[in-house]
Amino acid sequence: MLDNTLLHELMARSALRDQRAFAELYRHTCAKLFGVALRIVRRQDWAEEVLQESFVSIWNHAEGYSSSKSAQMTWMTAIVRNRALDWLRRPHFEVASDDYQLLLESVADEGDGPELLLSKDREGRALAECMKQLSSKQRQSIALAYTHGLSHGELSAHIKEPLGTVKTWIRRGLERLKGCLDGMR
C-alpha cells in the first residue's frame, strides 16, 4: 500500500520541478499505473508507451494538481486511463515482416465477424453515451470497479470515501446505466 503522505510530498516536490522527487514518484507508482494501462490496452508494448506518455503528462501538469480535488493516485490513474483510451482510439500502423504476413495468411480468422463487431461497436457507443449521464463520482467509481478491477473496499480506500457511499454510487450508477441502455433499445 502506498503511503499517501509520501505521495503528497513527492507530488508537491515534482510540481516544483524536482527531478529526484519525480523519479521517486515514478518508482513508487509505476507498477500500479502500468497495471491500469495494461488492463485497458491489453498489450505490454502499448501499455509501456501509455505509461511513458502518462508520466510526461504528470510531469507537465504536476503544478496544476490540487489535492483538494482528488488523491494523488486517483489523479494519476485518471491520466493513465485517459491516455490508454486515447491510445486505443489512435490508428496503429505496424510494419510486419514477410514471415509474419505468411503466418497471418495461413491462420484462419476465428474472430468476431463484421456484424458482431458492428453490434459491439454500437453497444460500446451507447454505453459511453450513458456513462456521460452519470455523476462524476458514479462514473469514476464504476470505471475503477469494472475497468480497473478494484473491489469496493479498494475503491473506498483509493478515492477516500466511506465504503457505503461508494457502494451506493455504484448501485445507483448501474441502475441509471441500465435505464439509459434500456431506453436506447
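Tutor: Welcome! A crossing of two helices is called right-handed if the near helix is turned clockwise from the far one by less than a right angle. Keep in mind that this is a predicted model.

Student: Thanks! In which hand does α7 pass α8, left-handed or right-handed?

Tutor: Look for α7 at residues 136-147 and α8 at residues 152-159. Viewed with the definition above, α7 passes α8 in a crossing that is right-handed.

Student: How are α7 and α8 oriented to each other?

Tutor: Their axes lie 10 Å apart, and the packing angle is about 130°. Angles over 145 degrees count as roughly antiparallel, and 65 to 115 as roughly perpendicular. The angle here falls in neither range, so α7 and α8 are oblique.

Student: How many charged residues does the contact of α7 with α8 have?

Tutor: On the α7 side, the contact is made by Q140, S141, L144 and A145, and on the α8 side by L155, H158 and I159. By class, four of these are nonpolar and three are polar, and the number of charged residues is none.

Student: Which element gives the largest share of the largest nonpolar core?

Tutor: That core has 28 residues, and L25, V41, I58 and M76 have the most contacts inside it. Two or more residues come from each of α1, α2, α3 and α4. The largest share, nine residues, comes from α2.

Student: And how many residues does the other core have?

Tutor: This core lies apart from the largest one. Among its members are C130, L144, A145 and L155, and L144, A145 and L155 also take part in the contact between α7 and α8. Its residues number 14.

Note on methods:
Residues are numbered from 1 along each chain as its sequence is written. This is a predicted model: local features need pLDDT of at least 70, side-chain atom pairs count only at pLDDT 80 or more; totals for chains, interfaces and linings use all residues. Side-chain values use heavy atoms; hydrogens and water are left out. Axes are lines fitted to C-alpha atoms, for helices over the stretch in contact, and angles run from 0 to 180 degrees between N-to-C directions. Helices (H or I, at least four residues) and strands (E, at least two) are DSSP runs, numbered from the N terminus. Angles under 35 degrees count as roughly parallel, over 145 as roughly antiparallel, 65 to 115 as roughly perpendicular and the rest as oblique. Contact means heavy atoms within 4.5 Å. Ala, Val, Leu, Ile, Met, Phe, Trp, Tyr, Cys and Pro count as nonpolar, Asp, Glu, Lys and Arg as charged, and the others, Gly among them, as polar. A nonpolar core is a set of buried Ala, Val, Leu, Ile, Met, Phe, Trp, Tyr and Cys residues joined through side-chain atoms within 4.5 Å. Buried means under 20% relative accessible area, exposed over 50%, partly exposed in between (1.4 Å probe, protein chains only).
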